[in-house]
Amino acid sequence: MSAVSPSRTGARVERQPLSRYTTLGVGGPAEVWFAGDHAQLAEAMEAPYRILGGGSNLVISDQGVPERVIRLVGPLAERDLDPDPLLSTDDEIVTGWVGGGVPLPGLVRTLQKSGLSNLEGTVGIPAQVGGAVWMNAGTRYGEMFDGLHTIEIVTPQGTRQVSPDELQWGYRNSGIPRGHVVSRVRLKLRRSTPQAVLEKMDAADQARKGQPKMKTPGCAFKNPGGVSAGKLIDEAGLKGTRIGDAMIAPEHANFIVNLGGATAADVHALLDVIRARVGIPMELEYELWPEQL
Ligand SMILES: Cc1cc2nc3c(=O)[nH]c(=O)nc-3n(C[C@H](O)[C@H](O)[C@H](O)COP(=O)(O)OP(=O)(O)OC[C@H]3O[C@@H](n4cnc5c(N)ncnc54)[C@H](O)[C@@H]3O)c2cc1C
């Protein structure tokens, strides 16, 4: 696809298929704005936009989206993990800035090697830091808000830095309104040892053993009324059901995987089959772009 001219502030702008940025490998074209600093981010936000992280919770239409899609790159995808000498103590450190575009898995591994605890419960979540903070991603072993000191939020009206106490955060929810961009964070980490952190990570890793290793946007449905969505789909006899190149994973029925050439239309058709066969209302875990089909 053809490149669009660079923006006024030097942000790279290119029309691209979004499939390359989602863990499902599905998604049509959009104008992608690569924002490397605050000026570029502010310019990208001057027209209707969406902010894309690791694309690990998204099913994007085959037609793409009409809005600008912002990706955080350059300094907004870099990390300074040095302890701030003024805020750190013998037990706890506060880091420098970690960009919203930093991949979470690599960060979690680095913290483990440095013997720094608080985020190991998020091991295996294929998000970027900004997306993971926005959702307060986590597992039963821990979540993003366990390790945050300051969150920088950019809106078209400006930039503010807040502490987690100032947000109404909770289970898989940061309280940050949609469209407000988590541009950077400072982490609050407890000093531990690489071995102790590794042991906790292993427990969280172990819980993922049954999950498929193929391209997927994670769990398809929330557990309705506390009942396992995967169990309901399995009991409906749907494991391994395939439409086009989208398939209900044989390993875990609440995961739809892309066998190679799946389209968003294939995935939606499969979701419809699940809803019809399970027969009780089920709420999607993924986000759809656009929200209305
Ligand atoms: C294999 C697999 C396993 C998973 N396991 C878990 C798990 O154990 N626990 C869990 O909680 N989730 C899990 N997920 C889901 C997913 O990783 C999380 O929801 C994650 O928070 C999505 O982050 P992302 O950066 O990929 O965001 P995206 O999918 O790119 O976007 C999701 C939403 O976040 C917004 N967003 C992205 N970046 C920013 C930003 N910088 N500022 C503000 N908003 C932003 C987007 O606009 C969008 O609304 C899993 C997914 C997969 C594929």
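Strands E10 and E11 form a hairpin, with two residues between them. Helices and strands here are DSSP runs, numbered from the N terminus (helices are H or I with at least four residues, strands are E with at least two). The two arms of the hairpin pair in the antiparallel sense over five bridges. Pairing of two strands requires that DSSP finds at least two bridges between them. Within the hairpin, Val154 has Thr159 of E11 as its bridge partner. Strand E10 covers residues 148–155 and is also joined to E12, by six bridges. E10 and E12 run antiparallel. Leu148 stands opposite Leu187 in E12.

The model is a predicted one: local features need pLDDT of at least 70, side-chain atom pairs count only at pLDDT 80 or more, and totals for chains, interfaces and linings use all residues. Residue numbers start from 1 along each chain as its sequence is written.

The chain is divided into domain 1 (12–75), domain 2 (79–206) and domain 3 (224–289). These bounds come from an automatic or database domain assignment. The C-alpha centres of domain 1 and domain 3 lie 26 Å apart. Eleven residues from domain 1 and ten residues from domain 3 make the contact between them. Contact between two residues means that their C-beta atoms, placed from the backbone, lie within 7 Å. On the domain 1 side, the largest share, three residues, comes from strand E4 (residues 58–60). That side has six nonpolar, three polar and two charged residues. In this classification Ala, Val, Leu, Ile, Met, Phe, Trp, Tyr, Cys and Pro are nonpolar, Asp, Glu, Lys and Arg are charged, and the others, Gly among them, are polar.

One open sheet has four strands in the order E1-E2-E5-E3, with mixed pairing. Its edge strands are E1 (12–17) and E3 (49–52), each of which pairs on one side only. The twist averages 35° from one strand to the next. Angles run from 0 to 180 degrees between N-to-C directions, and axes are lines fitted to C-alpha atoms, for helices over the stretch in contact. E3 and strand E5 (residues 68–72) run parallel and are joined by four bridges. Leu52 stands opposite Arg71 in E5.

A second open sheet has three strands in the order E13-E14-E15, with antiparallel pairing. Strand E13 (242–243) and strand E15 (256–258) stand at the edges with a single partner strand each, so one side of each is left without a neighbour in the sheet. Strand E14 (residues 246–248) is joined to E15 by three bridges. Across this pair, Ala246 has Asn258 as its bridge partner in E15. Helix H6 (residues 264–278) packs on the sheet and touches E13, E14 and E15. The direction of H6 makes about 30° with that of E14.

UniProt, in an unreviewed entry, lists residues 25–192 for "domain: FAD-binding PCMH-type". UniProt positions follow the numbering used here, feature names are shortened, and annotations may be inferred rather than shown by experiment. Over residues 25–192 the chain is 14% helix and 34% strand. The end C-alpha atoms of this stretch are 37 Å apart.

For "active site", the unreviewed UniProt entry lists Arg172 and Cys219. They span 48 residues in sequence, yet no two of their C-alpha atoms are more than 13.6 Å apart, so they gather at one spot. Arg172 lies in the loop between strand E11 (158–162) and strand E12 (181–191). Arg172 counts as partly exposed because it has 14 C-beta neighbours inside 10 Å. On this scale, 20 or more other C-beta atoms within 10 Å of a residue's own make it buried, 12 or fewer make it exposed, and partly exposed lies in between, with C-beta atoms placed from the backbone. Not counting residues up to four places away in sequence, Arg172 touches Met135, Asn136 and Ala137.

Cys219 sits in the loop between helix H4 (194–206) and helix H5 (229–235). Cys219 has 18 C-beta neighbours inside 10 Å and therefore counts as partly exposed. Leaving aside its neighbours within four places in sequence, Cys219 is in contact with Asn254, Phe255 and Glu285.

Thr139 belongs to strand E8 (residues 138–139). With 17 C-beta neighbours inside 10 Å, Thr139 counts as partly exposed. Its contacts, leaving aside neighbours within four places in sequence, are Gly121, Thr122, Ala204 and Ala207. The C-alpha atoms of Thr139 and Asp202 are separated by 13 Å, with the two positions 63 residues apart along the chain counted as their separation.
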